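Subject: Structure for your review

Dear colleague,

Please find below the structure that I am handing over to you. I would be grateful if you would read the notes underneath it with the structure open.

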Amino acid sequence: MMNCRQASRLISTAMDRPLSRAEQLQLSMHLLLCRNCRHFRQQMQQLRLGIRQGRQR
Ligand SMILES: [Zn+2]
């Protein structure tokens, strides 16, 4: 089972490149159990959307 540090690293990695199937599986297992990391991923996704919208302007 991965810890929160590993999970948050994978979450940031997922912003740059697609995760492997094993990484996705491990991360989703962690996210099921950990509300903090779910929240972190939401924030990262919103941040990423914000950056994209900024570039389009
Ligand atoms: Zn966590």
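The notes below take up the metal site, a salt bridge, the surface and one further residue. Please bear in mind throughout that this is a predicted model.

Metal site

Which protein atoms serve as donors of the zinc ion? They are SG of C4, NE2 of H30, SG of C34 and SG of C37, and they lie 2.0 to 2.4 Å from the zinc ion. Along the chain, these donors follow the spacing C-x25-H-x3-C-x2-C. Within this set, C4 in helix α1 and H30 in helix α2 (residues 21-33) are 26 residues apart, and the pair links distant parts of the chain.

The arrangement around the zinc ion is tetrahedral, because the four donor atoms subtend angles of 102 to 115 degrees and the criterion asks that all angles lie between 85 and 135 degrees. For reference, the ideal angle for four tetrahedral donors is 109.5 degrees.

Are C4 and H30 buried or exposed? C4 has a relative accessible area of 37% and is therefore partly exposed. H30 has a relative accessible area of 7%, so it is buried, the limit for that class being under 20%. The side chain of H30 also reaches the backbone oxygen of M2, at 3.2 Å.

Salt bridge

How many salt bridges does a search of the whole structure find? The search finds one. It is formed by E23 with R17, and the closest N and O atoms of this pair are 3.3 Å apart. Side chains of opposite charge can pair when their charged atoms come close. R17 is partly exposed, since its relative accessible area is 38%.

Nonpolar surface patch

On the surface, a nonpolar patch is formed by M1, L25, M29, L32 and L33. Together these residues have about 640 Å² of accessible area. One of them, M1, lies in the segment before α1 (4-16). M1 counts as exposed because its relative accessibility is 71%, and the exposed class begins over 50%.

A residue in helix α3

N36 lies in helix α3, which covers residues 35-56. With a relative accessible area of 61%, N36 is exposed. N36 and S8 are 28 residues apart along the chain, and their C-alpha atoms are separated by 9.7 Å.

I remain at your disposal for any discussion of these points.

Yours sincerely

Conventions:
Residues numbered from 1 in each chain as written. Predicted model: local features only at pLDDT ≥ 70, side-chain atom pairs only at ≥ 80, totals over all residues. Heavy atoms only, no water. Patch = residues over 30% accessible without salt bridge, like charges linked within 9 Å, V, L, I, M, F, W, Y side chains within 5 Å. Areas by Shrake-Rupley, 256 points an atom, 1.4 Å probe, with all protein chains shown as cover. Salt bridge = Lys/Arg side-chain N within 4 Å of Asp/Glu carboxyl O. Helix = DSSP H or I, 4+ residues; strand = E, 2+ residues; numbered from the N terminus. Buried < 20%, exposed > 50% of the residue type's maximum accessible area, 1.4 Å probe, protein only. Donors = N, O, S within 2.8 Å, 3.2 Å for Na, K, Ca; no water. Tetrahedral: all angles 85-135°; square planar, octahedral: opposite > 155°, others 65-115°. Polar contact = N/O pair within 3.5 Å; in protein donor to acceptor, adjacent residues only side chain to side chain.
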